Amino acid sequence: IGPEIEKFETSLAQYIGRKHCIAFNSGTSAGHAALIALGINAKSEVLVPSFTFISTANWPLMVQASPKFADIEIQTYGMDPNDLETKISKKTKAIIPVHYGGLPCKIDEIKEISNKNKFYLIEDAAESFGASLNGRKIGSFGTVSIFSFAGNKILTTGEGGALCTDSKELYEKIKLIRSHGRQLHSGYFSSMQDHDYYSLGYNWRMSSITAALGLSQLDKIEKIIDMRRKNAKYYQSKLKKIKEITLQEEPSGFKHVYQFYSILLRNSTIRTKLMNFLASKGIMTRIFFKPVHRTMFFSKIGYGSLNLPNTEKISKQILSLPMFPTLRKDEINYMVDSIAEFFEYADK
């Protein structure tokens, strides 16, 4: 583990407001390591949303635990605390709420439920680096928190991830899991000391080059977030004139960092027509997300018939428009004008 990685970890921990940070080769590896370290196993149930990237629901399966899906609420598109309480059982050992698309979920309420029931809270903050709730950074609420630095994330290193925690015990355990169970007492390349192996571990290390790239991004992270927020504000000002779409509002006290800029359409038929129309004009849009429990894999293992009404409703309406820091006003104007044109002429 080189000095760039150690500096990146220290800087990340300081930024999020946690005592410890461990860098990984991906957010998926970080989440897998967290569940191993917390002792989640075949006897455990882990509560997750279905409205997320599939790795959130895969993590329990990676340690032979059972994912159990809770519905989302329609304000933040995060896990619904009310539905969550109905899904708790004696087997529940952990909960993994997701901060969707850059907006904090109702993590305060979820944390209260977690504390009351004494199970682990794992924040999936992969999409929301730099977001905050009432001034407190997302990633500082859970037993552990997971970040991703993949190519489309707020802070990107091309590929990579990190785990943050305040627990010294978890920190030491996860360091072993990340690197072959090997105990490093000093710099690997600056020492002749022999290193012993204390547990089963994996090769989930981040490279020094990746960490150096992460440090350069972290130096300008507030500027990157500000650019995204300004783009979103401009989008909002233009799109609110189009009555056929619904915009997500930023609740009071919630700071949205806009990894995604998403709108809601009336139904999936209109959405498909709009996507095709925009594609014909060179505008690529995406659906984030279709329900995990409806994927071929999760349907095959018995989850396909679950009833998650808000998840189903939002996933049939949502559409994510292009969003990146250097998006220009004329590009946003072109996209908004194209959407307006669709509803004026094409949606007949």
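**Aromatics**

I started with the aromatic cluster in this predicted model. Phe51, Tyr77, Tyr100, Phe260, Phe288 and Phe289 make up one such cluster. Inside that group I looked up the geometry of one pair, phenylalanine 288 with phenylalanine 289. Both of these residues, phenylalanine 288 and phenylalanine 289, are buried.

Next I counted ring pairs over the structure and got 22 aromatic pairs. I picked out phenylalanine 69 with tyrosine 303: the ring centres are 5.3 Å apart and the planes stand at 90°, so I logged the pair as edge-to-face. What does this pair link? It joins distant parts of the chain, with phenylalanine 69 in strand 3 (residues 66-70) and tyrosine 303 in the loop between helix 10 (296-300) and helix 11 (309-317). The two are 234 residues apart. I checked burial too, and phenylalanine 69 and tyrosine 303 are both buried. Back to phenylalanine 288 and phenylalanine 289: their pair is edge-to-face, at 5.4 Å centre to centre with 70° between the planes.

**Charges over rings**

I then looked for charged groups over ring faces and noted two cases. Arginine 136 lies over the face of phenylalanine 141, 4.1 Å from the ring centre. Lysine 137 has its charged end over the ring of tyrosine 15, at 4.7 Å from the centre.

**Alanine 57**

I went to alanine 57, which I found in helix 3 (residues 55-62). Buried or exposed? Alanine 57 is buried, and its relative accessible area comes out at 0%. Leaving aside residues up to four places away in sequence, I listed its contacts as Val48, Pro67, Phe69, Val292 and Phe298. One of them is Phe69, the residue I had just logged in the ring pair with tyrosine 303. I also took a C-alpha to C-alpha distance from alanine 57 to lysine 68: 8.4 Å in space for eleven residues in sequence.

**Cysteines**

How many disulfides does the structure hold? I found zero. I wanted to see why, so I checked sulfur distances for cysteine 21 and cysteine 105. For cysteine 21, the closest cysteine sulfur belongs to cysteine 164, and at 3.9 Å that is too far for a bond. The cut-off I need here is 2.5 Å between the sulfur atoms. For cysteine 105, the closest cysteine sulfur is again in cysteine 164, but at 16 Å, also too far for a bond. Cysteine 21 is buried with a relative accessible area of 4%, and cysteine 105 is buried at 0%.

**Aspartate 80**

I stopped at aspartate 80, in the loop between strand 3 and helix 4 (81-87). Aspartate 80 is buried yet has no salt bridge. Which side chain of opposite charge is nearest? I got lysine 106, 6.6 Å away; a salt bridge would need nitrogen and oxygen within 4 Å. Not counting residues up to four places away in sequence, aspartate 80 touches Asp71, Ile72 and Glu73.

**Salt bridges**

A search of the whole structure gave me 15 salt bridges. I wrote up three pairs and a network.

The first entry is glutamate 9 with arginine 178, whose side chains meet at 2.8 Å, N to O. This pair links distant parts of the chain, 169 residues apart: glutamate 9 sits in helix 1 (residues 3-16) and arginine 178 in helix 6 (residues 168-178). I have glutamate 9 and arginine 178 both down as buried.

Then I took arginine 229 with glutamate 250, where the closest N and O atoms are 2.6 Å apart. Arginine 229 is in helix 8 (residues 221-239) and glutamate 250 is in the loop between strand 10 (246-247) and strand 11 (254-255), so this bridge ties together parts that are 21 residues apart in sequence. Arginine 229 is partly exposed at 27% relative accessible area, and glutamate 250 is partly exposed at 30%.

My last pair is arginine 294 with glutamate 312, with 2.8 Å between the closest N and O atoms. Arginine 294 lies in the loop between helix 9 (268-280) and helix 10, while glutamate 312 lies in helix 11, so parts 18 residues apart in sequence are tied together. Here I got arginine 294 as partly exposed at 44% relative accessibility, whereas glutamate 312 counts as buried at 14%.

I closed the page with the network: salt bridges link Lys168, Glu172 and Lys175.

Conventions
Residues are numbered from 1 along each chain as its sequence is written. This is a predicted model: local features need pLDDT of at least 70, side-chain atom pairs count only at pLDDT 80 or more; totals for chains, interfaces and linings use all residues. Side-chain values use heavy atoms; hydrogens and water are left out. Helices (H or I, at least four residues) and strands (E, at least two) are DSSP runs, numbered from the N terminus. Buried means under 20% relative accessible area, exposed over 50%, partly exposed in between (1.4 Å probe, protein chains only). Contact means heavy atoms within 4.5 Å. Rings of Phe, Tyr and Trp (its six-membered ring) pair if their centres lie within 6.5 Å; planes under 30 degrees apart count as stacked, over 60 as edge-to-face and the rest as tilted. A charge sits over a ring if NZ of Lys or CZ of Arg is within 6 Å of the ring centre and within 35 degrees of the ring normal. Lys and Arg count as positive and Asp and Glu as negative; His and the chain ends are not counted.
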